[in-house]
Amino acid sequence: MTKAINKLFCSILALGIALGATGCSEDLLTTVPKDRVSSATFWSTERDFNTALNGAYDRMFGVNLDPMYFDGATEIGYSHADWMRQHEYVMGRANALSGWSADMWDRTFTGISRANEILAQLDALEEGVLSPEVVDQIRGQALFLRGYFYHELLWMFGEVPIFTSVPTVEEARQVSRSSRGEVYNQITSDLSQAANLLPTSWSSSQFGRATRGTALGYHARTALYEAGWQEHHEGNAARADELYQTAADMSRAVIDLNEYSLHPDFRELFTYAGEQSNEIIFSYQKVSGQNGWHAWLGFAPKSMGSNVDVEPTRELVDMFPMEDGLPIDESPLYDASPPRITYDGDGNPTVETLGMYADRDPRFYGTVLFPGGEFNGAIYNSYPSCSSGAPDGYCSPTTDRILLTDYNNTYTGYIAMKYVDPEDQAAPTNSGLNIIKMRYADILLMYAEAKAELDELDNSVNEAIEEVRDRINLPMPQDVTAMSQEEAIEFIRNERTIELAWEGLHLADIRRWGTAEDVLNGNVHGIDIADGEGNFAPVPGQHTRSFETPRDYVWPIPASERDLNPNLSQNPGY
């Protein structure tokens, strides 16, 4: 949907997707209301259906559903404030009353209901009201949206109820959860139909609507996610291989569309200048002043007016290779010392050395701000306060200084760079930056991963990864075809993590890989700071995280839903 069409959100919300109440008077059943939107008058034009579609797209995001919050519930991001909704999840305290997962459940099923109503109204439409082309576009989007929402539910909750029409209250209170296989089949059926109906592209005024590539891409993602679940949680290797093959085929189908290419400037991709990049396959549309979000307030440096809700970790930083393409433990370029920042008599900083942050993968500088890095015309310095006894060169006189009692600042000393555009500084809670849901680099890496999982390490895998690295002129001294399958999988997983960090995909990744129990127990870490004896060590996160296997690999079914419907079984351990 376009930013202009977002203005119609209020109409669809008032409409309630044409599920209005009926009155007691018999006359009301035959009277068309003139003071509000009603189903008797609403579903009659292309504009009406597009308004309804926008209402379904709207359910993709809400409070604390921005990508950073999902990554803040993993080892690559840290959310220190215990009042943030995802905090109890990484602390292992989430239960059926927890709000974050309950909100996701509510928003996704509302989206499904809205998509189902659109499909029902489309089927009931008299022939000739809309052209066949428009009907296909509307149906394709509604089917995609239903598939998208079920995709989200599957990786978050596992088995969930399936609705392909708007249920009655009685039906909704009696339905039970369908199996993972049934949910997967519903998703891929919807996405396959959508891919056949949707255009390969829209005009620029319609940028943001789902396309054929979007449907194919989500088919690939759903297959890849479920393949990992079958392999690492169900022990069903044969089924996993079938799904990995589907993921490879669907990814290749997107590549073969020849509709997408990598944006030449990695950092720019996540700013206003990159919003209509040819790399973006699907993005959630934001409009400043209408549905703007707190990108600057939540994630920019504190000295520039941010609360720093979520920040990167040292665990993420150390995943980035050096500019020679080698990991930090293999590259001769790596200097393990921390940066040194000094100040003259007027308080002007000089970065004497960047140490461990010098000569890194260019994606690092587009993802993480670190001590000694420059952003928005200033040198960032998050070392401890100079009044704390920290040595000269390794202390900070700025308000960005790390202090583990300051909840409105970074606890790791790092700041996330994606979606932090200086254009938003004047309106820190009202960013109009679109949020990328899927981009071409993800497709290339999904293809490479699926092929590696199938142990098909041919040159096409090298080519896919090289294409991602060529965008930032990063050498690839590694030859994936010469690696063992295990080495190739680990290499591709690392490449995926650093390329897509802060895009909200890593939580689903560590769940499907079965590695969440390894990386979500214990502390995360931040910048190196000096102790009283002049030694340096990474500052630990304030909270010790906890992840219980197998319970925490899926989230609890909300208690409020089970109170209404006793047929909804609970996930084990909750």
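**Group meeting: a walk through one protein chain**

Okay, let's start with one residue. If we set aside the neighbours within four places in sequence, alanine 516 touches Ile510, Phe547 and Tyr553. Before I go on, please keep in mind that this is a predicted model.

So where does alanine 516 sit? You'll find it in helix α19, which covers residues 516–519. Is alanine 516 buried or exposed? Its relative accessible area is 1%, and buried here means under 20%, so alanine 516 is buried. Now pick out histidine 233 as well: 283 residues separate it from alanine 516 in sequence, yet their C-alpha atoms are 12 Å apart in space.

Let's zoom out to the whole chain. The protein chain has 20 helices and twelve strands. Its radius of gyration is 25 Å, close to the 25 Å that the globule rule gives for 574 residues, so the chain is as compact as a globular protein of that length. If you lay the C-alpha trace along its principal axes, it spans about 85 × 55 × 50 Å. How much of the chain is buried? That's 58% of the 574 residues.

And what about contacts? Take those with a separation of 6 or more: 70% of them link residues that are 24 or more positions apart. As for the outside, the accessible surface is about 21900 Å², and carbon and sulfur atoms make up 47% of it. The charges are worth a look too: there are 41 positive and 85 negative ones, and their mean positions lie 6 Å apart.

Next, two helices. Helix α11 runs over residues 237–256. With 20 residues at 1.5 Å each, α11 should span 28 Å, and its end C-alpha atoms are indeed 28 Å apart, so the two agree. Which residues of α11 are buried? The list is Ala240, Leu243, Tyr244, Ala247, Ala248, Met250, Ser251, Val254 and Ile255. Look at the spacing in that list while I give you a bit of background. An α-helix has 3.6 residues a turn, so residues three or four places apart point the same way. Among the elements covering the buried residues of α11 are α9 (180–197), α10 (212–234), the strand β2 (280–284) and α15. Just after α11 comes asparagine 258, with a positive phi near 55°.

Now for helix α16, residues 459–470. Those twelve residues reach 16 Å from the first C-alpha to the last, close to the 16 Å expected. Buried in α16 are Ser460, Val461, Asn462, Ala464, Ile465, Val468 and Arg469. What covers them? The cover includes α11 again, along with α14 (362–365), α15 (440–453) and α17 (485–500). So that's α15 turning up in the cover of α11 and of α16.

Let's finish with two spots that aren't buried. Alanine 482 is in the loop between α16 and α17. Its relative accessibility is 63%, so alanine 482 counts as exposed. From there to arginine 267 is 215 residues in sequence and 32 Å in space, C-alpha to C-alpha.

Threonine 41 belongs to helix α2, residues 39–42. With a relative accessible area of 40%, threonine 41 is partly exposed. Its C-alpha is 43 Å from that of aspartate 421, and the two are 380 residues apart in sequence.

That's my tour, thanks for listening!

Technical notes: Residues are numbered from 1 along each chain as its sequence is written. This is a predicted model: local features need pLDDT of at least 70, side-chain atom pairs count only at pLDDT 80 or more; totals for chains, interfaces and linings use all residues. Side-chain values use heavy atoms; hydrogens and water are left out. Helices (H or I, at least four residues) and strands (E, at least two) are DSSP runs, numbered from the N terminus. The radius of gyration is taken over C-alpha atoms; the globule rule is 2.2 Å times the number of residues to the power 0.38. Buried means under 20% relative accessible area, exposed over 50%, partly exposed in between (1.4 Å probe, protein chains only). Contact means heavy atoms within 4.5 Å. Accessible areas come from the Shrake-Rupley method with a 1.4 Å probe; for residues, only the protein chains shown count as cover. Lys and Arg count as positive and Asp and Glu as negative; His and the chain ends are not counted. The place of a charge is taken as NZ of Lys, CZ of Arg, CG of Asp or CD of Glu. The expected span of a helix is 1.5 Å times one less than its number of residues.
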